[in-house]
Amino acid sequence: MEITLNSPLDMHLHLRDGDMLKLTAPLSEDFAGAVIMPNLVPPVTTPEMLQSYSARIEQAMSGTPFSRYMTLFFTPLGEKELEAARHTPGFFGLKLYPAGITTNSEGGVSDLARADKTFRLMEEMGIPLLVHGESHGFVMDREAEFLHTYRHLAEKYPALKLSMEHITTAAALQLLEEYPNVCATVTLQHLIITLDDVAGGALKPHLFCKPIAKRPEDRDALLQAALSGHPRLMFGSDSAPHPRCRKEACGCAAGVFTAPVALPKLAEIFAAEGALDHLQDFVSGNACRFYGLTPQARKITLRDTPMQVPAAYRSYGEEVVPMYAGESIGWSVVR
Ligand code: NCD
Ligand code: ZN
């Protein structure tokens, strides 16, 4: 069996910078493009930083055409600044992190009320708002506790394109039904694993991420929504590479590195459930329609011949461990 996808997109990707960028950027090149996260140190907060980061990504890629949808780390920008952002080539939207909620988010927002004017302007200008929606509560409840904030934003700014990033709960899916201006991304790992896979037996640092994997009923609801072709649910890998020494450590960094296995594994899952005809929309069509995107024209073929996943990817003095390291998965990319 095989499937050819048109211009697959990864709607939430961390590529880092420096040597780690050089190592990881080429490993996302089976995608035609991606929404690039801004949580560098320091975060990408200005059009100048955004353009120079975009250029560094282009340099790190091997020359394959790749649409870089760049985000700015949310700060309460005014009209002039938003106008400047909007006219910056490659600019896609603003990514909002509650302060301190995840990797490199210390400069995030601690009082949403102070961002009201920025939200209003973004709504008027048609600038998407991407949100890491977690509270600072008990780790399993953080997303659920943030849902009222999503509701508040969706109702107060009904024309604002609002993305609930990397949703992990059945309750978040319910919000999609209530608000047509809201979309969501979901990762590979949250369609597959639960907290049991992370911490139910021997602790698996390479499956530890924010938001943490949840209950079987959440995982099942997310998978069913993806397989059934929900029009506002999009694939966003949240592939988040950290050096092996920062994962296999006392104080494991959050993030699962899935970029190299994402498309083959998605094809395997959709094929197993007889839903291959919905994969194109999940990995591209839904995002293109919701945001009006026209990514680089690319075709990629996936086939049900196994892929042997490397135990680690190493170069430029960096080493990262992917999901399914050292294992075989059922599908692979046809080269
Ligand atoms: C991400 C990272 O490492 O940058 N980590 C993660 O666990 N997902 C940040 C994020 O998206 O939360
Ligand atoms: Zn992320």
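Two strands pair if DSSP finds at least two bridges between them. The model described here is a predicted one.

**Strand β1 and its sheet**

Strand β1 covers residues 2-6. It is joined by 5 bridges to strand β10, residues 299-303, and the two run antiparallel. One of the residues in this pairing is Asn 6, whose bridge partner in β10 is Lys 299.

The side chains of β1 alternate between two faces. Ile 3 and Leu 5 point to one face and are buried, whereas Glu 2, Thr 4 and Asn 6 point to the other face and are not buried. Asn 6, the bridge partner of Lys 299, thus belongs to the face that is not buried.

β1 and β10 are part of an open sheet of 3 strands, in the order β1-β10-β15, with antiparallel pairing. Its edge strands are β1 and β15, the latter made of residues 332-333, and each of these pairs on one side only.

**Strands β2 and β3**

Strand β2 takes in residues 9-13, and 5 of its 5 residues are buried. With strand β3, residues 33-36, it pairs in the parallel sense over 3 bridges. Within this pairing, Leu 13 has Ile 36 of β3 as its bridge partner. Helix α1, residues 18-24, forms a right-handed β-α-β unit together with β2 and β3.

**Ligand 1**

Which residues are closest to ligand 1? Of the 15 residues that surround it, the closest are Arg 16, Asn 39, Thr 102, Lys 210 and Asp 238. The table gives three distances from an oxygen atom of the ligand to a polar side-chain atom of the protein.

| Residue | Distance to an oxygen atom of ligand 1 |
|---|---|
| His 14 | 3.1 Å |
| Asn 39 | 2.8 Å |
| Thr 102 | 2.7 Å |

Taken alone, ligand 1 exposes 320 Å², and the protein buries 100% of that area.

**Cysteines**

How many disulfides does a search of the whole structure find? The count is 0. A disulfide is a covalent bond between the sulfur atoms of two cysteines. Cys 209 is in no disulfide, and the nearest cysteine sulfur, that of Cys 252, is 10.0 Å away. Cys 209 counts as buried because its relative accessibility is 2%, and the cut-off for buried is under 20%.

For Cys 288, the closest cysteine sulfur is in Cys 183, and the 12 Å between the two sulfurs is too far for a bond. Cys 288 has a relative accessible area of 17%, so this residue is buried as well.

**The loop around Leu 112**

Leu 112 lies in the loop between β5, residues 91-96, and α4, residues 116-125. Is Leu 112 buried or partly exposed? Its relative accessibility is 26%, so Leu 112 counts as partly exposed. Leu 112 and Pro 98 are 14 residues apart in sequence, and their C-alpha atoms are 8.6 Å apart in space.

Key:
Residues are numbered from 1 along each chain as its sequence is written. Chains are lettered from A and ligands numbered from 1 in the order in which they are written. This is a predicted model: local features need pLDDT of at least 70, side-chain atom pairs count only at pLDDT 80 or more; totals for chains, interfaces and linings use all residues. Side-chain values use heavy atoms; hydrogens and water are left out. Buried means under 20% relative accessible area, exposed over 50%, partly exposed in between (1.4 Å probe, protein chains only). Helices (H or I, at least four residues) and strands (E, at least two) are DSSP runs, numbered from the N terminus. A crossover is right-handed if, with the strands pointing away from the viewer, the path from the first strand over the helix to the second runs clockwise. A residue is near a molecule or strand if one of its heavy atoms lies within 4 Å of it. A polar contact is a pair of N or O atoms within 3.5 Å; within protein, one must be able to donate a hydrogen and the other to accept it, and residues adjacent in sequence count only if both atoms are side-chain atoms. Accessible areas come from the Shrake-Rupley method with a 1.4 Å probe; for residues, only the protein chains shown count as cover. A disulfide is a pair of cysteine sulfur atoms within 2.5 Å.
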